[in-house]
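Open your viewer and get ready to select residues by number. We will go stop by stop.

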Amino acid sequence: MAARTAAKASARERLLEAADELFYSEGIQTVGIDRVIEHAGVAKASLYNTFRSKEGLVCAYLELRFARRRDLVARTMTRFRAPREQVLGVFDALGETFTDPRYNGCAFARATSEAPENSAIRKVAEDYRAWIRDLFAGLLTASGYADPDTLARQLLLLYDGAAQSASLDHDPSAATTARAAASVLLDTAPLTTATRTA
C-alpha cells in the first residue's frame, strides 16, 4: 500500500485558507460565512467550534497574515548586517508582497475600514501596526538616531504610502521608491552625540 504523500489539512487550516483567499480578494463584509464554509468544504459546526464567530475567523485570518509578514521581514533582514540597512530591508520585504499578482492592498487597512469601532478586528490591526512601528524604532535606536520614535512614524508613513500606491496605482515599484525616500530620510536625520563622535 502506497504511503500517503500529504496529510489532509485540518478543518481549521481549510477555513483559514478559504478566509484568506476570499476576505482578502473580496472584503470581509462582502463574503458571508456560508461562502467561506462552502469554499473550505467543512461543516458549519467546524467554524463555530473553532472560531466561535465570523469576527473570530476574521481575527484569525489577520493573525495569519501578520505571522506571514513577520516571517517575511525576518527572512529579508538576514541579508543585512547593520540596523540602518535592515530598516531599508523592511521596504524590500514589502516590495516582495507587491509582486504577487493577487496583491490587493493592505489586508489590515481593508479589514479595519469594514469593522465596527469596538471590534476585535481593530485590535489585531493595531497590534500589527505597533509591531512595524516598534521594529523601525528598535532598529533606529540601534543605529544611533537621536529621535527614533519620530523617525519610525515617518518611515511608517512611507511604508503605508507604498502599500496604497502599489494597490491603487498598480505600481509594484512603489516599495523601491519608498525605500529611496527612506534612505534620504535616514541620511538627513540627526544622530545622537555619541554616534556622531564615534
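Which residues lie nearest the centre of the largest pocket? Select Tyr 24, Arg 65, Arg 69, Thr 97 and Tyr 103 to find out. They are part of a lining of 31 residues. Keep in mind that you are looking at a predicted model.

**Stop 1: the largest pocket**

Stay with those five residues and look at the space around them. The largest pocket has a volume of about 830 Å³. Now colour the helices that line the pocket. Start with helix 1 (11–26), then add helix 4 (54–77), helix 5 (83–98), helix 7 (120–143) and helix 8 (148–168). Add helix 6 (107–114) as well. Each of these six helices, from helix 1 to helix 8 in your selection, supplies at least two residues of the pocket lining.

Next, colour the lining by residue class. How many of its residues are nonpolar, polar and charged? The count is 13 nonpolar, five polar and 13 charged.

**Stop 2: the cavity**

Now look for an enclosed space. The structure holds one cavity of 30 Å³ or more. Its volume is about 40 Å³. To see the lining, select Phe 23, Tyr 24, Gly 27, Ile 28, Tyr 61, Ala 107, Arg 110, Ala 111 and Glu 114.

Tyr 24 should look familiar. This residue lines the cavity, and it is also among the residues nearest the centre of the largest pocket.

Which helix gives the most to the cavity lining? Highlight helix 6, which gives four residues. Helix 1 also supplies at least two. By class, the cavity lining has six nonpolar, one polar and two charged residues.

**Stop 3: Arg 52**

Leave the cavity and select Arg 52. Find this residue in the loop between helix 3 (44–51) and helix 4. Check its backbone angles: Arg 52 has a positive phi of about 75°, although it is not a glycine. Is Arg 52 buried or exposed? Its relative accessibility is 72%, so Arg 52 counts as exposed. The cut-off for exposed is over 50%.

**Stop 4: His 170**

Move along the chain to His 170. This residue sits in the loop between helix 8 and helix 9 (174–188). Look at phi again. For His 170 the angle is positive, about 55°, and this residue is not a glycine either. Show the surface here. His 170 counts as exposed because its relative accessibility is 67%.

How values were computed
Residues are numbered from 1 along each chain as its sequence is written. This is a predicted model: local features need pLDDT of at least 70, side-chain atom pairs count only at pLDDT 80 or more; totals for chains, interfaces and linings use all residues. Side-chain values use heavy atoms; hydrogens and water are left out. On a 1 Å grid over the protein atoms alone, a cavity is a set of points where a 1.4 Å probe fits but cannot get out, and a pocket is an open set with protein on both sides within 12 Å along at least five of seven lines; lining residues have an atom within 4 Å of a point. Grid points are joined across faces, edges and corners, and a volume is the space filled by probe spheres set on the points. Ala, Val, Leu, Ile, Met, Phe, Trp, Tyr, Cys and Pro count as nonpolar, Asp, Glu, Lys and Arg as charged, and the others, Gly among them, as polar. Buried means under 20% relative accessible area, exposed over 50%, partly exposed in between (1.4 Å probe, protein chains only).
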